[in-house]
Amino acid sequence: MTHDREALRASWKRTRAHLDAARAHLAHLPGIDLSTTTEFLEHNELGLAFDCLVHLSDDLGLPPSFWQHMDRAAREMRLYSAAPHTPHRKAADSCLRHLAVASEQE
């Protein structure tokens, strides 16, 4: 296995750990269906899983730790971009807004 492939797999593993930790915040909430997110994670569609988690949690008032895990996943996937039309841009921007609000409340 080449170094690049090993680095990519390690990055996927870190991203998956952050997404799983964030998902755990939602698992106990009534009325939250995580089946689509779980399916994306099972197929290593990490960006789509990120989008789903942001969409599901946008209005739930989750603790800062949720948004910190989402932020770490976004950084690992390099979702923050200045380009206006990048995949996952809306979800990444939403994550940054929630993280900023959570930081102000601490």
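Two helices count as roughly parallel when the angle between them is under 35 degrees, as roughly antiparallel when it is over 145, as roughly perpendicular from 65 to 115, and as oblique for the rest. The model discussed here is a predicted one, so local features need pLDDT of at least 70 and side-chain atom pairs count only at pLDDT 80 or more, while totals for chains, interfaces and linings use all residues. Residues are numbered from 1 along each chain as its sequence is written, and side-chain values use heavy atoms, with hydrogens and water left out.

Helices in this account are DSSP runs of H or I with at least four residues, numbered from the N terminus (strands, the E runs, need at least two). Packed helices come first. Two packed helices are described by the angle between their axes and the distance between the axes. Each axis is a line fitted to C-alpha atoms, for helices over the stretch in contact, and the angle runs from 0 to 180 degrees between N-to-C directions. For α2 and α3, the axes come within 8 Å and cross at roughly 160°. That is why α2 and α3 are roughly antiparallel to each other. Their crossing is left-handed, a label used if the near helix is turned anticlockwise from the far one by less than a right angle (clockwise would make it right-handed). As for who touches whom, contact means heavy atoms within 4.5 Å. On the α2 side, Thr-36, Thr-37, Phe-40 and Leu-41 meet a set of α3 residues that includes Leu-46, Ala-49, Leu-53 and Leu-56.

A similar story can be told for α1 and α4. The axes of α1 and α4 come within 8 Å and cross at roughly 155°, so α1 and α4 are roughly antiparallel to each other. Here, too, α1 passes α4 in a left-handed crossing. Among the α1 residues that meet α4 are Ser-11, Thr-15, His-18 and Leu-26, and their α4 partners include Phe-66, His-69, Met-70 and Ala-73.

How do the helices measure up in length? The expected span of a helix is 1.5 Å times one less than its number of residues. With 25 residues, α1 reaches 36 Å from its first C-alpha to its last, close to the 36 Å expected. For the 12 residues of α3 the expected span is 16 Å, and the end C-alpha atoms are 16 Å apart, which agrees.

Next comes the question of what is hidden. A residue is buried under 20% relative accessible area, exposed over 50%, and partly exposed in between (1.4 Å probe, protein chains only). In α1 the buried residues include Ser-11, Thr-15, His-18, Leu-19 and Leu-26, and what covers the buried residues of α1 includes α2, α3 and α4. In α3, Leu-46, Gly-47, Ala-49, Phe-50, Cys-52, Leu-53, Val-54 and Ser-57 are buried. Those buried α3 residues pack against α1, α2, α4 and α5.

Ser-57 makes a handy close-up. This residue is found in helix α3, which covers residues 46-57, and Ser-57 counts as buried because its relative accessibility is 1%. Leaving aside neighbours within four places in sequence, Ser-57 is in contact with Leu-26, Leu-62, Phe-66 and Trp-67.

Phe-66 and Trp-67 are both buried, and their rings deserve a look too. Rings of Phe, Tyr and Trp (its six-membered ring) pair if their centres lie within 6.5 Å; planes under 30 degrees apart count as stacked, over 60 as edge-to-face and the rest as tilted. By this rule the count comes to 1 aromatic pair. The ring centres of Phe-66 and Trp-67 are 4.7 Å apart and the planes stand at 90°, so the pair is edge-to-face.

Finally, the loops. Most residues other than glycine have a negative phi. Asn-44, in the loop between α2 and α3, has a positive phi near 60° and is partly exposed, with a relative accessible area of 34%. In the loop between α4 and α5, His-88 has a positive phi near 70° and counts as partly exposed at 23% relative accessibility. Pro-87 is found in the loop between α4 and α5 and counts as exposed at 59%. Although Pro-87 and Gly-47 are 40 residues apart along the chain, their C-alpha atoms are separated by 8.3 Å. Lys-90, over in helix α5, is exposed with a relative accessible area of 73%. The C-alpha atoms of Lys-90 and Asn-44 are separated by 20 Å.
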